[in-house]
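This briefing is about a ligand site and the cysteines of one protein. Please look over the sequence and structure before reading on.

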Amino acid sequence: VADAAQATQRSSLEAVPPAASVLFGAALEPARRYAELLATVGAERGLIGPAEAVRIWSRHLLNSAAVAELFAPGSRVVDVGSGAGLPGVPIALCRPDLAIDLVEPLARRVTFLTEAVAELGLADRVRVVRGRAEDDAVRSAVGDAPWVTARAVAPLDRLVRWCLPLLAPGGRLALVKGASAAAELARHRSAVRRAGGIDPEVVHCGQGVVEPDVPVVVLRSAGGSGPASRRPAGRGGEEVR
Ligand SMILES: C[S@@+](CC[C@H](N)C(=O)[O-])C[C@H]1O[C@@H](n2cnc3c(N)ncnc32)[C@H](O)[C@@H]1O
């Protein structure tokens, strides 16, 4: 029965869009395998909705991979609340120079992440860390990071409280927020400042490659020039004050 369900899910998988070759390049095959894993094993275990197969690329893989343009070569990136691996796994696939830590508290999701990382051949530079971002053990395991990212985890005010303490001085948060990014930033600007975040802006990733582009709230941890204090490499940075 499980095999039949998987075959049905596989047959409803969204066709690979042209933007996938642009973003994943040589990693298109492992990206295709990851899409299939999400839509079959991931859906079976309730990690993504059964209806997601038909938009697995447009809504999940491309949206995640587009964010990879932000990170400086050779950086370490912590993905908080990775769930079934978004955005961390697509970022790892399209940027072989990066080391990625996937932070996730829920056992079922950690099991899937561990299996997916092994199957996709990423285990040498992608770690799965079980716990919540605010746990002391997680802070010691992944802290002092130049970059922390998160997608669909919590409202901006809560996210900055959880994620800013994981950064090295001058490190940056890249919070994937979609169409609500500018409004959320306007609403929580003072909470960002109180938590120790400075220079928040909305950066539009994937411009000219994915449609619509991916708005990301980028901000810096106060306290020194740090390892990642340069402006993000993404195009279309837009100050929202
Ligand atoms: C809605 S899911 C999003 C998963 C994934 N980022 C995505 O875009 O599909 C939110 C995830 O955040 C995790 N999460 C919630 N609070 C967290 C915390 N304080 N620290 C780390 N992860 C957390 C949940 O377990 C869940 O897997």
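What follows covers the ligand, its surroundings and the cysteines.

The model is predicted. The ligand sits in the largest pocket, and 17 residues surround the ligand. The disulfide count is zero.

**Ligand surroundings**
- Among the 17 residues around the ligand, those that come nearest are Gly81, Leu86, Glu104, Arg109 and Arg151.
- Sorted by class, the shell around the ligand holds eight nonpolar, five charged and four polar residues.

**Polar contacts and burial of the ligand**
- Arg109 places a polar side-chain atom 2.5 Å from an oxygen atom of the ligand.
- Leu86 takes part through its backbone: a polar backbone atom of Leu86 is 2.7 Å from a nitrogen atom of the ligand.
- Ala133 also has a polar backbone atom at 2.9 Å from a nitrogen atom of the ligand.
- The ligand on its own exposes 600 Å², and the protein buries 80% of that area.

**Cysteines**
- Cys163 has a relative accessibility of 0% and therefore counts as buried, since the cut-off for buried is under 20% relative accessible area.
- Cys205 has a relative accessible area of 0%, so Cys205 is buried as well.
- A disulfide would need a pair of cysteine sulfur atoms within 2.5 Å, and by this rule the count comes to zero.

Terms used
Residues are numbered from 1 along each chain as its sequence is written. This is a predicted model: local features need pLDDT of at least 70, side-chain atom pairs count only at pLDDT 80 or more; totals for chains, interfaces and linings use all residues. Side-chain values use heavy atoms; hydrogens and water are left out. Buried means under 20% relative accessible area, exposed over 50%, partly exposed in between (1.4 Å probe, protein chains only). A residue is near a molecule or strand if one of its heavy atoms lies within 4 Å of it. A polar contact is a pair of N or O atoms within 3.5 Å; within protein, one must be able to donate a hydrogen and the other to accept it, and residues adjacent in sequence count only if both atoms are side-chain atoms. Accessible areas come from the Shrake-Rupley method with a 1.4 Å probe; for residues, only the protein chains shown count as cover. On a 1 Å grid over the protein atoms alone, a cavity is a set of points where a 1.4 Å probe fits but cannot get out, and a pocket is an open set with protein on both sides within 12 Å along at least five of seven lines; lining residues have an atom within 4 Å of a point. A molecule sits in a cavity or pocket if more than half of its atoms lie within 2 Å of its grid points. Ala, Val, Leu, Ile, Met, Phe, Trp, Tyr, Cys and Pro count as nonpolar, Asp, Glu, Lys and Arg as charged, and the others, Gly among them, as polar.
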